[in-house]
Amino acid sequence: MLAKRSVGMRTMLSSRRYASTKVSVQLLRDFPGLGYKGEVVQVAPGRMRNELHVSNGAAYVIKGEPLRLPLRTRESIEAEKAKEAALAAEQKERQRAQERIARQEKERLSRAEKVKKLTNLHFGGGSTTAAKEEESAEKSNVSAFIIESALRSLPRTIQLQRQTRGEDDGFLAEDLTVQDLAQHVTRLTGTQISPSIVKFSIKTGRKEYADSTLLDYIGSYRAVFTVPGGHPVFFDLVVAPSNRISDHVSTTRPGGPVPETQAQTPEPEPEEKSGQKPTKQFEWENELITNMEEKMKR
């Protein structure tokens, strides 16, 4: 009885000793929960013999013999995994940015197409010379309408302050040019005004005016904006001294040649007179007013 108990105890201790013994193996591929390819791990002999070795998933590490694969540590493997994850995230973000840009470009083209349909304007290249000329004419008409509408939104009197040569001198220290007035009106309206459509009218007689591209004296003048394809827009221009207070409105320029004058022109008729209906600048507006008047008479 005692001998049987002693044999059983030795068998149990032997099995525990062998069960606790592990062998070093190098993984030949990744095993989730165990390790990565190239890493040396400790496994039970039974698992190596029955699972890893038979499937060529690991190789024994034998002292004095080279490893089957270059050795990889857990730290280097985790660093590589983190780098791969960062590169994947960067590539994904780049792809999202490209998709966002493509979507914005598609929306822009869609808006341009809608504007083209609503305004009946063709901004692409025409197939024939006639189509290009028609497109150019449409653009010119729209541009003229925008500029003329912007000018007519301003008050009839424009006042500018300029430095004079002295307190008792009405001559300007620097001439006022059409470029200066065009820039001033551009700032007021937010619409680009070309100096080529601007000129000054200086009164030289009772009903005579001389056209000029600059002014050299304070006082009241007439500024004319001639929009191509439209009608002239007139403004009363008041040039006031900025360095003194005087009656600049009634100041008249002393005798002498008017700077850069052109041919004498008769005094322009005002665009609107009291008791008269305003003259519309576009045919469709005149036609609309005529139709309304005929309906009212009926």
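Two strands count as paired here if DSSP finds at least two bridges between them. With that in hand, a good place to start in this predicted model is Thr164, which stands opposite Leu172 in S6. The strands concerned are S5 and S6 (residues 169-177), and they pair in the antiparallel sense over two bridges. They belong to an open sheet of three strands, ordered S5-S6-S9 and paired antiparallel. Its edges are S5 (164-166) and S9 (214-217), each of which pairs on one side only. On average, neighbouring strands in this sheet are turned by 20 degrees against each other, direction ignored.

Stepping back to the whole chain, there are six helices and 12 strands. Of the 298 residues, 26% are buried. The exposed surface comes to about 21,200 Å², with carbon and sulfur atoms supplying 53% of that area. As for contacts with a separation of 6 or more, 57% of them link residues 24 or more positions apart.

Back towards the N terminus sits another open sheet of three strands, this one in the order S2-S1-S3 and again with antiparallel pairing. S2 and S3 (58-60) are the edge strands here, each pairing on one side only. Neighbouring strands of this sheet are turned by 45 degrees against each other on average, direction ignored. Strand S1 (residues 23-27) joins S2 through four antiparallel bridges, and Ser24 has Gln42 in S2 as its bridge partner. On the S3 side, three bridges hold S1 and S3 together, again antiparallel, with Val25 partnered by Tyr60 of S3.

Strand S2 (residues 40-43) has a neat alternating pattern: Val41 and Val43 point to one face and are buried, whereas Val40 and Gln42 point to the other and are not. Gln42, the bridge partner of Ser24, is thus on the face of S2 whose side chains are not buried. Helix H2 (residues 45-52) lies across S1, S2 and S3, and runs at about 130 degrees to S3.

Much of this part of the chain carries a record annotation. UniProt, in an unreviewed entry, lists residues 24-61 as "domain: Ribosomal protein L9". In the model, that span is 21% helix and 29% strand, and its end C-alpha atoms lie 6 Å apart. The same unreviewed source, UniProt, also lists a "coiled-coil region" at residues 80-112. The model has this stretch as 100% helix and 0% strand, with 48 Å between its end C-alpha atoms.

Further along the chain comes helix H5 (residues 178-189), a 12-residue helix whose length can be checked with simple arithmetic. At 1.5 Å a residue it should span 16 Å, and the end C-alpha atoms are indeed 16 Å apart, so the two agree. Several of its residues are tucked away: Val178, Leu181, Ala182, His184, Val185 and Thr186 are buried. Just after the helix, Gly190 takes a positive phi of about 75 degrees.

Val178, in helix H5, deserves a closer look. This residue counts as buried because its relative accessibility is 5%, against a cut-off of under 20%. Leaving aside neighbours within four places in sequence, Val178 is in contact with Pro195, Val198, Lys199, Phe200, Ser212 and Thr213. Pro195 is 17 residues away in sequence, yet the two C-alpha atoms are 5.6 Å apart in space.

Two of those contacts of Val178, Phe200 and Ser212, turn up again as a pair: Ser212 in S8 is the bridge partner of Phe200. Their strands, S7 (residues 198-203) and S8, run antiparallel and are joined by four bridges. A hairpin of four residues connects S7 to S8. Strand S8 (residues 208-212) is largely enclosed by the rest of the structure, because four of its five residues are buried.

Key: Residues numbered from 1 in each chain as written. Predicted model: local features only at pLDDT ≥ 70, side-chain atom pairs only at ≥ 80, totals over all residues. Heavy atoms only, no water. Expected span 1.5 Å × (residues − 1). Buried < 20%, exposed > 50% of the residue type's maximum accessible area, 1.4 Å probe, protein only. Axes fitted to C-alpha atoms, helices over the stretch in contact; angles between N-to-C directions. UniProt positions renumbered as here; feature names shortened; annotations may be inferred. Contact = heavy atoms within 4.5 Å. Areas by Shrake-Rupley, 256 points an atom, 1.4 Å probe, with all protein chains shown as cover.
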